Amino acid sequence: MSSPRTLARVAGVLYLMMFVCATFAGSVRSRIIDSSDPAATANNIRTSATLFRVGFVADLMQATFLLLAAMALYLLLRHVNQLAAQAMVTFVAVAVAIYCLNLLNQYTVLRIATDQGSTRAFGRAGSDQLVLQFADMQHNGYYIAAMFFGLWLLPLGYLVITSGYVPKLLGVLLIIGGVGYLVDLLVRFLAPGFDAGISPLVVPGAVAELSLAAWLLVKAARVPAPDPHVPALAQAGRGS
């Protein structure tokens, strides 16, 4: 079995790769999609179709890296609390499944914008409006997946606090961040018209996750030194 330090660094690398892919994919969407102008959005996609495709692939890689990071964290932290570790991975798996299914809307945006058949069938204005409609569906679908992105941080925060591998403050921030994601989701869906871009409610979660990824990569896991007063066999059983 891999050592805690190795598992921690693997999780850190995967987590940071997820952030890199997410940042790139998000920048592509924000550059190309104009939520107030269907014609401009469709034209941007047509003229930057390759970039849009690369952004789509980056989104898929983002989801894959997150799932793999969660699996590595499960192996690292399951000895702390098996039920909490299983809940953590389950929430991530559900979030990734929703996220990937939601990417069908993004791919449909590309197909409609670049397919002449759609223009002939619906006209240029109708085709452009469909592009923006599916882009809006993808945008809202992301917030549905965000419910589980928030939920997974709650058991993760508990495991981080209890494990002693990383500073407890990071675990507290993860829990606060998870609650922030959930509150942001409720506000967006219960307050029609509220969409102010990046909400301050999600900032603690993003900071906590990025800090955890950096800590795992650089510092790995703080494994307690063996206690000379405790038999080696007992210590091995306690760390299994």
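Biologist: In this predicted model, which helices each supply at least two residues of the nonpolar patch?

Modeller: The patch covers about 310 Å² of surface and is made by Val13, Met17, Leu217 and Val218. Met17 lies in helix H1. The helices that each supply at least two of the patch residues are H1 (4–32) and H7 (203–218).

Biologist: Is Met17 buried or exposed, or partly exposed?

Modeller: Buried means under 20% relative accessible area and exposed means over 50%. The relative accessible area of Met17 is 34%, so Met17 is partly exposed.

Biologist: What distance separates the end C-alpha atoms of helix H4?

Modeller: Helix H4 comprises 33 residues, 82–114, and at 1.5 Å a residue it should span 48 Å. At its N-terminal end, H4 is capped by Asn81, with a side-chain oxygen 3.1 Å from the backbone nitrogen of Leu83. The end C-alpha atoms agree with the expected span, being apart by 48 Å.

Biologist: How many residues apart in sequence are the parts that Phe56 and Tyr107 tie together?

Modeller: A search of the whole structure finds seven aromatic pairs. In the pair of Phe56 and Tyr107, the ring centres are 5.5 Å apart and the planes lie at 45°, so the pair is tilted. Phe56 belongs to helix H3 (residues 49–77) and Tyr107 to helix H4, so the parts tied together are apart in sequence by 51 residues.

Biologist: Is Phe56 buried or exposed?

Modeller: The cut-off for a buried residue is under 20% relative accessible area. Phe56 has 17% relative accessibility and therefore counts as buried.

Conventions. Residues numbered from 1 in each chain as written. Predicted model: local features only at pLDDT ≥ 70, side-chain atom pairs only at ≥ 80, totals over all residues. Heavy atoms only, no water. Helix = DSSP H or I, 4+ residues; strand = E, 2+ residues; numbered from the N terminus. Expected span 1.5 Å × (residues − 1). Polar contact = N/O pair within 3.5 Å; in protein donor to acceptor, adjacent residues only side chain to side chain. Patch = residues over 30% accessible without salt bridge, like charges linked within 9 Å, V, L, I, M, F, W, Y side chains within 5 Å. Areas by Shrake-Rupley, 256 points an atom, 1.4 Å probe, with all protein chains shown as cover. Salt bridge = Lys/Arg side-chain N within 4 Å of Asp/Glu carboxyl O. Buried < 20%, exposed > 50% of the residue type's maximum accessible area, 1.4 Å probe, protein only. Phe/Tyr/Trp six-rings, centres within 6.5 Å; stacked < 30°, edge-to-face > 60°.
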